[in-house]
Amino acid sequence: MKLENEDALDNLIICQKCFTLHEEIPIKDGTKACCSECGAILYRYDSKLIDHGLALSLTGIVFFILANVFPLVQIEILGHEQFITIPKTIFSLFESGFYIVGLICAFLIFIFPLMIFTINMLLFTLLKIKRGEKLTKELLILLSHITPWSMTDIFLISILVALVKLIGYAQIHMGIAFWALMVFVLIDLYIVKRIHLSEIWMLRKRILLYEDKK
Amino acid sequence: VIEIDEDKLIRCPVCGAVNIDKNKENSCRRCGSKIYHHRSFSTEKSWAFLITAMIAYIPANLYPMLITKQFGTEEGSTLLGGVVMLWEHGSYPISMIIFVASILIPVLKFLVLIYLLISVKYPIGKDKKVNKHKLYYMTEVIGPWSMIDVFVVAILAALIHLANIQIIAGTAATAFAISVFFTLLAAHAFDERLIKEYE
């Protein structure tokens, strides 16, 4: 295989699932390229990636705040009413002395999700105003390290499992935060599925090259 | 013009950029992350995390996960005990979910990681009947779901907090959370490119 220089490597792509080598070809706006071996998505082309990313991450943050401020579920048990919020769940672990579990939960369901969306928002804003060559790089690296550690989707299912356990003992009312969390999880899944980090890296390169030429 | 062998191209585990394998310590030309090439080092780290996770999984099964305080009496239930109790009460789907999340997935993940770690060092499973990349990818995807039980305990403990009835988390919750945490670390520390080298 012959290459002009090291930069020509950017035209190559290795499938993240099966590690097959592919050559990147231009594709139509809004379409995707798949691996010929395993069918995994290699990359997409979206000419409005920055706007889409910005809109999605902003909406995500709004719903994340809603999900943390309002009660998740309310129950009535033996004439008492109880409710929980996400911060309250974490704090109650600390109060009962479970510092390690509390810390792990705090990171998995609060700090990392919030960080991911904040980083996404910062990243797309910087790309939109075409600034921050160094910062975008650092943010992208950070993002790829913390993305596997966000577990809001698993927490959402856990809420349902916990509630099914309580059926028969208590009356259950879903709170606003539960629905907000559901929307947040859907947005999160959509971003993870639709926007690959390598696409943002390519976008960053394109924008920075454009700046260099000017 | 550079002439290179296709096998010499490697993927940066952090940003996904294609790099040329220079056979010593590689750092990615796009994000600067280190791409390890020390065979022994990359599996040792993963082994260490995995063994920690397996040790933590023992108390996670022995100690109570959930303690119910009801009118002065205390009752603890272990991981397996909770599954059995739910099954006897007739909540089959939930019982199955908890069983899969907290027993099947962790144990499977231990076995898969042990198999992968051994297979990149010693010539086993070379017949390519199992797609090891797919196997690894599967463990990466299903692994985090074993956190379900920890979250459920946290939610119940926060929710049931009355004078007469209280649910508190048990020692196993800490052990289990640590176990899951280290299994995830072990999976991340495993260098996928080792699979390819030994094919």
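Accessible areas are computed here by the Shrake-Rupley method with a 1.4 Å probe. The structure is a predicted model.

**Chain B and its contact with chain A**

On that basis, chain B exposes about 9,600 Å², of which carbon and sulfur atoms supply 62%. Its secondary structure consists of seven helices and eight strands. Chain B has 199 residues, and 48% of them count as buried. Among the contacts in chain B with a separation of 6 or more, 59% involve residues 24 or more positions apart.

The size of an interface is often given as the accessible area lost when the parts come together. Between them, chain B and chain A bury about 5,500 Å², with 76% of this area on carbon and sulfur atoms. In chain B, the residues losing the most area to chain A are Arg30(B), Phe151(B) and Leu159(B), which together account for 13% of what that side buries. In terms of contacts, 56 residues of chain B meet 60 residues of chain A.

Two residues of chain A illustrate this contact. Ser92(A) lies in helix H2 of chain A, which spans residues 86-95. Ser92(A) has a relative accessible area of 11% and is therefore buried. Beyond residues up to four places away in sequence, Ser92(A) touches Ala157(B) and Ala158(B). Leu163(A), in helix H5 of chain A, has a relative accessible area of 6% and so is likewise classed as buried. With neighbours within four places in sequence set aside, Leu163(A) contacts Val73(A), Ile172(A), Met174(A) and, across the chains, Leu159(B). The C-alpha atoms of Leu163(A) and Ile75(A) are 9.4 Å apart, although 88 residues separate the two in sequence.

**Nonpolar cores and surface patch**

In soluble globular proteins, nonpolar side chains tend to be buried together. The largest nonpolar core in this model has 115 residues, and those with the most contacts inside it are Leu72(A), Leu108(A), Phe155(A), Ile159(A), Leu181(A), Met147(B) and Phe151(B). Helix H3 of chain A (residues 99-128) contributes the largest share of this core, 14 residues. Apart from this core lies another of ten residues, including Ala8(A), Leu12(A), Ile14(A) and Ile20(B).

The surroundings of Leu181(A) can be listed in detail. Leaving aside neighbours within four places in sequence, Leu181(A) is in contact with Ala67(A), Leu72(A), Ile86(A), Thr152(A), Phe155(A), Leu156(A) and Ile159(A).

A nonpolar patch of about 600 Å² is found on the surface, made by Ile157(A), Leu160(A), Met174(A), Trp179(A), Met182(A), Leu186(A) and Leu189(A). Helices H5 (152-166) and H6 (176-194) of chain A each supply at least two of the patch residues, and H6(A) gives the most, with four. Met182(A) is placed in helix H6 of chain A. Its relative accessible area is 31%, so Met182(A) counts as partly exposed.

**Salt bridges**

Side chains of opposite charge can pair when their charged atoms come close. Over all chains the structure holds three salt bridges, and the count between chain B and chain A is one.

| Salt bridge | N to O distance |
|---|---|
| Asp10(A) and Lys205(A) | 2.7 Å |
| Asp10(A) and Arg29(B) | 2.9 Å |
| Asp51(A) and Lys128(A) | 2.7 Å |

The pair of Asp10(A) and Lys205(A) links distant parts of the chain, 195 residues apart: Asp10(A) is in the loop between strands S1 (2-3) and S2 (12-14) of chain A, and Lys205(A) is in helix H7 (residues 197-213) of chain A. Asp10(A) is buried, with a relative accessible area of 7%, whereas Lys205(A) is partly exposed at 28%.

The pair of Asp10(A) and Arg29(B) crosses between chains, and Arg29(B) lies in the loop between strands S4 (26-27) and S5 (34-35) of chain B. Arg29(B) has a relative accessible area of 25% and is partly exposed.

In the pair of Asp51(A) and Lys128(A), 77 residues apart, Asp51(A) belongs to helix H1 (residues 49-69) and Lys128(A) to helix H3 of chain A. Asp51(A) is partly exposed at 34% relative accessibility, and Lys128(A) is partly exposed at 44%. Through shared partners, salt bridges join Asp10(A), Lys205(A) and Arg29(B) into one network.

**A backbone feature**

Most residues other than glycine have a negative phi. Lys130(A), by contrast, has a positive phi, near 55°. Lys130(A) is located in the loop between H3 and helix H4 (133-146) of chain A, and is partly exposed, with a relative accessible area of 35%.

Technical notes. Residues are numbered from 1 along each chain as its sequence is written. Chains are lettered from A and ligands numbered from 1 in the order in which they are written. This is a predicted model: local features need pLDDT of at least 70, side-chain atom pairs count only at pLDDT 80 or more; totals for chains, interfaces and linings use all residues. Side-chain values use heavy atoms; hydrogens and water are left out. Buried means under 20% relative accessible area, exposed over 50%, partly exposed in between (1.4 Å probe, protein chains only). Contact means heavy atoms within 4.5 Å. A nonpolar core is a set of buried Ala, Val, Leu, Ile, Met, Phe, Trp, Tyr and Cys residues joined through side-chain atoms within 4.5 Å. Patches are made of residues with over 30% relative accessible area and no salt bridge: like charges are joined within 9 Å, nonpolar side chains (Val, Leu, Ile, Met, Phe, Trp, Tyr) within 5 Å. A salt bridge is a side-chain nitrogen of Lys or Arg within 4 Å of a carboxyl oxygen of Asp or Glu. Buried area is the accessible area (1.4 Å probe) that two parts lose on being put together, summed over both.
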